[in-house]
Amino acid sequence: MFSSMKACTDFIFTLKAVDHKRAPLVMMREVLTRLDNPQEKLHTIHIAGSNGKGSTATMMREMLIEAGYTVGTFTSPHLACVNERMTINGKQIPDAQFLRYMNNIAAIVETNYDGDYPSFFEVVTLIMFQYFGEEAVDFALIETGLGGRLDATNVITPLVSIITTISLEHTAFLGDTFAKVAFEKAGIIKEGVPVVVGVKNDEALAVIKQAALERHADCHVIGKDFFVNANKQDLVMQHFSYRKADVEISDIQLKMAGPHQVANASLAITAILLLQEKGHLEVSQTSIRHALQKAQWPGRFEQFTDNIVLDGAHNSEGTAALIRTLQVVYPNQHYRFIYAALSDKDHAHSIALMDAVAAAMSFTQIDLPNAMPAVKLAALSQHPDKEYSENWRDMVRAVIQKKKEKDIVVITGSLYFIAEVRQWLQEEER
């Protein structure tokens with residue numbers, strides 16, 4: 001049994017998915033049954049996709065809180081501590097409850113599975129279900145970790161499903177084509193449960209529509225069943241209008257920057273409207289407006305003082321969205337990128353996109369076993385002004401110190417990198 005949060009987290013961080021060869025979801029369901037199936041007590045919204053899951057969940061959370069509901073939100077990865085992954089009305093799970101739920105799991109695993117634990121993500125998912133179930137949240141917004149079909153969260157029957165975007169990521173696990181990745185993400189679509197889709201890629205969209213058809217799930221697709229019209233972006237807010245059937249909401253103010261966030265906001269609004277149509281909740285347009293004016297998602301186009309931007313653009317789709325946002329929010333500025341990432345992504349494409357708009361490129365690495373070496377990242381860049389260093393603190397400090405008036409320092413790549421830099425910047429500001 002675990003008596004301290006440090007001992008608990010030190011242990012669960014050692015649990016890797018690759019160490020466990022059981023059939024997918026079998027142990028999840030067995031352990032949940034022994035925990036009296038807390039997931040069955042919840043009204044859930046299930047969110048899958050390559051990018052935009054956390055932003056969409058955050059916007060929905062704020063809308064529901066504005067309307068007076070108690071909302072559990074399960075997201076990943078975390079930036080500073082594992083407690084961030086499960087919140088109720090934005091407040092992290094207390095250590096004492098985290099430990100109690102973990103010890104419930106430990107007792108089951110030690111007694112019934114000879115101490116052979118499931119993966120890290122399965123463990124935190126089991127903790128989350130206990131937390132939200134015991135606290136009896138009105139709604140639980142649940143993000144998948146990886147994929148959807150075989151994801152540890154895919155033991156729920158939600159009120160509505162959302163698939164945000166599809167890009168080629170985690171190809172070793174999800175497949176190397178848009179159709180294969182879409183098949184995995186579409187695994188969250190349940191019989192008769194409506195699905196809201198932000199996917200634009202035709203190949204991926206065809207797979208999702210087919211899955212929805214087979215499962216008799218109403219499929220609501222951006223640009224076909226609901227529409228957005230983005231008006232303008234300024235330094236503080238962007239403005240857009242939304243339309244679905246006879247519902248129109250004009251001049252919505254959105255705090256999150258970038259056209260991709262307008263798309264994410266439209267998914268959140270559509271899911272809320274569908275829940276309202278089904279009689280699950282009551283949310284006013286005023287609540288929707290107020291929520292989007294204040295919803296924030298740390299590490300996603302997060303603007304620090306002195307023209308520093310942090311963005312966890314961890315794949316090429318995210319990088320393209322970051323660049324579009326930079327060009328709208330900071331036109332006619334010089335972008336100095338600092339990039340560090342893990343070794344499981346298509347870095348060449350992301351780096352080529354940055355090369356095309358960068359004043360300078362800097363590469364570094366973080367202290368993780370699967371971190372991509374800085375020298376290998378730099379070798380993928382064709383930029384005439386590029387540098388690399390294994391020490392990310394030295395690299396970030398040096399780039400910031402030589403920054404000129406029209407320079408924007410853009411720190412991007414793995415969210416683990418963003419988490420480290422974010423904490424360091426906050427300490428430096430004190």
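**Note on the predicted model**

1. Valine 196 has histidine 220 of β8 as its bridge partner. Valine 196 belongs to a pairing of strand β7 (residues 195-197) with β8 that is parallel and runs over three bridges. Two strands are taken to pair if DSSP finds at least two bridges between them. Strands (E, at least two residues) and helices (H or I, at least four) are DSSP runs, numbered from the N terminus.

2. On sources: residues are numbered from 1 along each chain as its sequence is written, and side-chain values use heavy atoms, with hydrogens and water left out. The model is predicted: local features need pLDDT of at least 70 and side-chain atom pairs count only at pLDDT 80 or more, while totals for chains, interfaces and linings use all residues.

3. β7 and β8 are part of an open sheet of eight strands with mixed pairing, in the order β4-β3-β2-β5-β1-β6-β7-β8. The edges are β4 (91-92) and β8 (219-221); each has a single partner strand, so one side of each has no neighbour in the sheet. In total the protein has 15 helices and 17 strands.

4. Overall dimensions. The radius of gyration (over C-alpha atoms) is 21 Å, which agrees with the value near 22 Å for a compact globule of 430 residues; the globule rule is 2.2 Å times the number of residues to the power 0.38. The C-alpha trace spans about 60 × 55 × 45 Å along its principal axes. Of the 430 residues, 57% are buried, where buried means under 20% relative accessible area, exposed over 50% and partly exposed in between (1.4 Å probe, protein chains only).

5. Contacts (heavy atoms within 4.5 Å) between residues at least 6 apart in sequence join residues at least 24 apart in 72% of cases.

6. Strand β17 (residues 407-413) has seven of its seven residues buried, so it is largely enclosed by the rest of the structure. Asp407, Val409, Ile411 and Gly413 point one way from β17, and Ile408, Val410 and Thr412 point the other way. β17 pairs in the parallel sense with strand β13 (residues 308-311) over four bridges, and isoleucine 308 has valine 409 as its bridge partner. β17 also pairs in the parallel sense with β14, over seven bridges; here phenylalanine 337 is matched with valine 410.

7. Arginine 422 sits in helix α15 (residues 415-429) and is buried, at a relative accessible area of 17%. Leaving aside residues up to four places away in sequence, arginine 422 touches Leu79, Pro298, Gly299, Glu302, Phe304 and Leu310.

8. Backbone points to check. Most residues other than glycine have a negative phi, and most peptide bonds are trans. The bond from serine 76 to proline 77 is cis, with omega near -5°, and proline 77 is in the loop between β2 (71-74) and β3 (86-88).

9. Asparagine 89 has a positive phi of about 50° and is not a glycine. Asparagine 89 is in the loop between β3 and β4 and is partly exposed, with a relative accessible area of 32%. Asparagine 332 likewise has a positive phi, near 60°. Asparagine 332 lies in the loop between α11 (316-329) and β14 (334-340) and is exposed, with a relative accessible area of 66%.
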